[in-house]
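I opened this entry to look up what surrounds the ligand and how the parts of the protein are arranged. My notes follow the order in which I checked things.

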Amino acid sequence: MTLTRRHTLKALLLASAAAAAPGISLANSKPRRVIPWKNWAGTQSCTPAVRSTPKNIDELASVIKAATGSVRAVGSGHSWSPLVPTNDTLLSLRRFSGMLEHDKANNLAKFGAGTKLNKVGPALEEQGMAMFNLPDIDEQSLAGAFSTGTHGTGLELPALHDCIESLTLVTANGDVMECSRAKNAELFDAARVSLGSLGIITDYTLKTPDLFKVERKYWLEELDSALERGEQLARENRHFEFFYIPYSDMSYCYTTDTTDKPITAVQPEDDSVVDTMKNLRDMLSFSTTARRLAMKALIKSVDLPPSYVEVPWRTLSTDRTVPVYEMEYQLPLETGPMAMREVVDYIETNHPEFFVPLEYRYVDGDDAWLSEFYGRKSVSISVHRYREGDDPWNVFTKVQEIFRKYDGRPHWGKVHNYTYEDLKSVYPKIDDFKKVRQELDPEGKFLNDHVRGLLGINA
Ligand SMILES: Cc1cc2nc3c(=O)[nH]c(=O)nc-3n(C[C@H](O)[C@H](O)[C@H](O)COP(=O)(O)OP(=O)(O)OC[C@H]3O[C@@H](n4cnc5c(N)ncnc54)[C@H](O)[C@@H]3O)c2cc1C
């Protein structure tokens with residue numbers, strides 16, 4: 001039995017078969033009527049009056065101008081939060097896909113906004129370039145990932161949207177606007193992370209470093225030690241993160257660093273340990289002490305996968321197959337260990353049913369106004385609730401309270417119930433964002449109820 005990254009990930013994983021293919025399945029660009037939509041996890045749904053997959057900017061502008069009611073964009077439908085649902089017009093930019101231009105001399109590449117992350121790495125590799133970082137999965141569209149502040153791990157590596165050099169946006173009245181640090185700079189600060197609320201983004205030009213190779217190494221460490229040494233490990237390695245395995249005191253750690261070594265085979269993944277964790281929970285729920293002893297013995301007995309060398313897009317993202325709800329907050333770097341300890345203590349004291357590993361990552365700060373990492377290096381803590389029929393808020397209510405105490409900022413795409421009143425104290429630029437938004441879209445075309453709540457805008 002081998003404990004691989006996927007063992008811990010499987011506990012975060014599993015595309016619910018019922019979640020069907022998220023997003024839009026229309027074959028042509030003509031707006032059509034009444035096809036229900038649901039997200040990847042099957043936890044959000046809507047029945048839009050119009051679903052459209054325009055094939056160029058002119059068609060997109062016409063659909064936006066003709067639309068009555070709200071217009072929302074969907075990427076790959078991988079957000080848990082209700083960012084996408086609308087009963088009016090739902091737009092997919094899946095036809096705005098692929099690499100449009102590249103400039104190797106200046107390390108730039110332009111992609112359609114609907115391009116999935118898993119198509120970006122291979123396209124860049126062909127040109128001798130790469131994405132600087134990736135999240136746990138790569139099913140998201142570029143626009144969906146950037147618009148919610150999606151990130152990987154790395155104390156010196158900001159969230160993905162930091163690699164945007166410029167972008168193109170179609171506004172409520174059909175105008176096409178380009179922005180970058182040099183052109184429409186305020187719009188650029190607002191648009192990189194904008195929750196689909198400024199308009200529809202059609203393409204991005206990205207900073208793309210030369211292709212590099214990375215080496216992945218795994219080990220196990222006591223949670224207290226991982227928390228104590230984590231910041232140092234994150235400073236010493238390009239990527240460091242760990243998964244805490246509930247009721248074991250043990251963390252599954254790994255680093256990923258650039259290397260010149262030759263590429264080696266990636267270890268095939270095997271999910272059996274996660275099933276064992278669930279079985280132990282079921283068999284030993286009468287005794288936390290017995291469960292902890294069994295968990296520790298199990299974790300310490302597994303063979304860790306050998307280190308390996310690959311290009312980043314084959315290494316940094318994997319598949320997720322376990323049906324979960326996920327809450328994730330970004331916390332100031334120095335408060336991460338205290339918050340994590342408190343969350344673990346709360347869960348292990350109150351929730352014997354809990355068995356899904358918690359993820360602990362590091363992310364550099366940036367300057368996009370609604371970035372979860374605006375102005376601060378952060379620790380990112382994810383708590384996954386296995387979908388077994390009970391209400392995830394049985395756990396999330398207290399966990400969110402702990403994150404609030406430490407000035408946490410919720411991941412825009414994951415489970416939280418913050419509104420403008422909660423957000424304004426942790427997002428110093430939220431009112432600047434609202435001002436830009438109001439000027440671009442005074443009628444509120446690009447809002448739904450959830451986004452209105454986030455921005456404190458009345459219907
Ligand atoms: C299994 C799993 C693993 C995940 N792992 C990570 C992780 O490691 N790190 C992390 O940070 N997050 C992670 N996430 C969260 C995920 O990256 C975000 O929720 C992301 O927004 C999903 O991208 P999407 O393409 O599915 O966007 P959607 O969920 O479809 O949309 C997200 C937002 O983008 C907007 N949008 C989409 N297209 C456009 C457009 N063309 N113009 C304007 N707005 C647009 C939508 O309106 C919406 O507001 C994970 C999610 C899942 C389900």
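**Notes on the ligand shell and the domains**

I started with the elements around the ligand. Strand E5 (71-74), helix H4 (142-147) and strand E11 (200-207) each give at least two residues to the shell. I noted that H4 has the largest share, with four residues. I am working from a predicted model.

Next I looked up the residues themselves. There are 35 around the ligand, and those that come nearest are Ala73, Gly75, His78, Ser79 and Ser141. Sorted by class, I have 16 polar, 14 nonpolar and five charged residues in the shell.

I then checked N and O atoms against oxygen atoms of the ligand. For Ser79, an N or O atom of the side chain is 2.6 Å from a ligand oxygen. For Thr150, a side-chain N or O atom is 2.8 Å from an oxygen of the ligand. With Gly144 the atom belongs to the backbone, and this N or O lies 2.8 Å from a ligand oxygen. How much of the ligand's accessible area does the protein cover? I read 99% of the 990 Å² that the ligand has on its own.

Last, I turned to the domains. I have three entries: domain 1 (19-92), domain 2 (99-210) and domain 3 (213-410). Domain 1 and domain 2 each supply at least three residues of the ligand shell, and I looked at this pair further. Their centres, taken over C-alpha atoms, are 21 Å apart. I found 13 residues of domain 1 in contact with 18 residues of domain 2. About 1100 Å² is buried between these two domains, and 74% of that area comes from carbon and sulfur atoms.

Key:
Residues are numbered from 1 along each chain as its sequence is written. This is a predicted model: local features need pLDDT of at least 70, side-chain atom pairs count only at pLDDT 80 or more; totals for chains, interfaces and linings use all residues. Side-chain values use heavy atoms; hydrogens and water are left out. A residue is near a molecule or strand if one of its heavy atoms lies within 4 Å of it. A polar contact is a pair of N or O atoms within 3.5 Å; within protein, one must be able to donate a hydrogen and the other to accept it, and residues adjacent in sequence count only if both atoms are side-chain atoms. Accessible areas come from the Shrake-Rupley method with a 1.4 Å probe; for residues, only the protein chains shown count as cover. Ala, Val, Leu, Ile, Met, Phe, Trp, Tyr, Cys and Pro count as nonpolar, Asp, Glu, Lys and Arg as charged, and the others, Gly among them, as polar. Domain bounds come from an automatic or database domain assignment. Contact means heavy atoms within 4.5 Å. Buried area is the accessible area (1.4 Å probe) that two parts lose on being put together, summed over both.
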